[in-house]
Amino acid sequence: MEQTETKVHVEPTNEDIIVCSQINKWFGSHHVLKDVNLTVKKGEVLVILGPSGSGKSTFIRTINGLENIQEGQITIDGISLSHDIKDIEAIRKETGMVFQQFNLFPHMTILKNITLAPIWVRKKPKAEAEKNAYELLERVGIPEQANKYPGQLSGGQQQRVAIARALAMQPEIMLFDEPTSALDPEMIKEVLDVMKELARSGMTMLCVTHEMGFAREVADRIVLFDDGEIIETGTPEELFDHPKHERTKLFLSQIL
Ligand code: ADP
Ligand code: MG
């Protein structure tokens with residue numbers, strides 16, 4: 001089902017769903033996020049690029065409270081991220097996260113992996129959680145895998161389960177940290193296709209990725225990190241075709 005238009009999804013809304021202002025974070029004396037300011041609209045798809053060690057993972061982990069920050073303010077869908085565990089829990093419910101290593105529970109079936117949190121955290125009845133899980137497996141294209149264990153699936157299939165598992169919590173925002181970096185080349189497309197469908201459905205997405213084709217096709221906006229700072233943001237056309245900063249040009253020359 002290839003789409004012909006340049007943007008694969010709906011226009012983002014005008015509602016701010018993520019507001020980060022003046023974020024600063026240190027690991028010991030190492031300053032890893034430096035005055036990061038970023039606002040994301042509901043429905044927007046952001047791709048985060050940058051060299052290894054530039055703070056991309058740390059940044060998206062701060063958004064769902066996996067990492068704390070020493071300075072600045074993060075507001076997710078109106079909830080201010082504080083040290084209060086209640087706020088962190090509320091924000092975790094709003095954000096689904098998909099990692100490079102799929103992080104599925106190896107001793108549980110695919111169905112159990114997907115229904116665990118909805119049943120225990122969302123208090124969904126088991127039958128409803130399972131019905132929803134089957135629908136999600138259908139959505140990510142692997143309905144026949146429900147009763148297998150993660151080890152019986154290919155990497156691409158496992159990552160699609162990880163996406164289904166995150167979606168089962170009905171998040172407002174999906175965070176992806178290099179979701180295709182651990183995959184064999186032939187499996188990358190099947191995961192990117194699921195992400196494109198998600199973008200098309202209007203999901204707010206922050207994606208750290210090195211997949212430039214995906215970035216160009218799907219991103220509303222690209223953010224380039226370097227040494228803990230956002231050095232440039234723009235549409236894919238602006239950033240790839242007319243980069244402003246020398247460091248952006250250097251980065252692009254190394255990866256394209
Ligand atoms: P990226 O995802 O862009 O490769 P990271 O956010 O993982 O970068 O890392 C940013 C910097 O923070 C790097 O210098 C990294 O070594 C450091 N770092 C990341 N996680 C930790 C940690 N838990 N403890 C100490 N330093 C860390
Ligand atoms: Mg990283």
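Start with ligand 1 in this predicted model. Select Phe27, His30, Val32, Pro51, Ser52, Gly53, Ser54, Gly55, Lys56, Ser57 and Thr58, the residues around ligand 1. By class, this shell holds 3 nonpolar residues, 7 polar ones and 1 charged one.

Next, colour the chain by secondary structure. Two elements, strand E2 (30-41) and helix H1 (56-63), each supply at least two residues of the shell around ligand 1. Of the contributors, H1 gives the most, with 3 residues.

Now show the side chains of serine 57 and threonine 58, along with the backbone of glycine 55, and look for the oxygen atoms of ligand 1. In threonine 58, an N or O atom of the side chain is 2.5 Å from an oxygen atom of the ligand. In serine 57, a polar side-chain atom lies 2.9 Å from a ligand oxygen. At glycine 55 the backbone takes part: one of its polar atoms is 3.0 Å from an oxygen atom of ligand 1. To see how far the ligand is covered, switch on the protein surface. Ligand 1 taken alone exposes 560 Å², and the protein buries 59% of that.

Leave the ligand and select residues 155-167, which form helix H5. How many residues does H5 have, and how far does it reach from its first C-alpha to its last? The helix has 13 residues and spans 18 Å between those two atoms, close to the 18 Å expected at 1.5 Å a residue. Keep the surface on while viewing this helix. Since 13 of the 13 residues of H5 are buried, the helix is largely enclosed by the rest of the structure. Buried here means under 20% relative accessible area.

Technical notes. Residues are numbered from 1 along each chain as its sequence is written. Chains are lettered from A and ligands numbered from 1 in the order in which they are written. This is a predicted model: local features need pLDDT of at least 70, side-chain atom pairs count only at pLDDT 80 or more; totals for chains, interfaces and linings use all residues. Side-chain values use heavy atoms; hydrogens and water are left out. A residue is near a molecule or strand if one of its heavy atoms lies within 4 Å of it. A polar contact is a pair of N or O atoms within 3.5 Å; within protein, one must be able to donate a hydrogen and the other to accept it, and residues adjacent in sequence count only if both atoms are side-chain atoms. Accessible areas come from the Shrake-Rupley method with a 1.4 Å probe; for residues, only the protein chains shown count as cover. Helices (H or I, at least four residues) and strands (E, at least two) are DSSP runs, numbered from the N terminus. Ala, Val, Leu, Ile, Met, Phe, Trp, Tyr, Cys and Pro count as nonpolar, Asp, Glu, Lys and Arg as charged, and the others, Gly among them, as polar. The expected span of a helix is 1.5 Å times one less than its number of residues. Buried means under 20% relative accessible area, exposed over 50%, partly exposed in between (1.4 Å probe, protein chains only).
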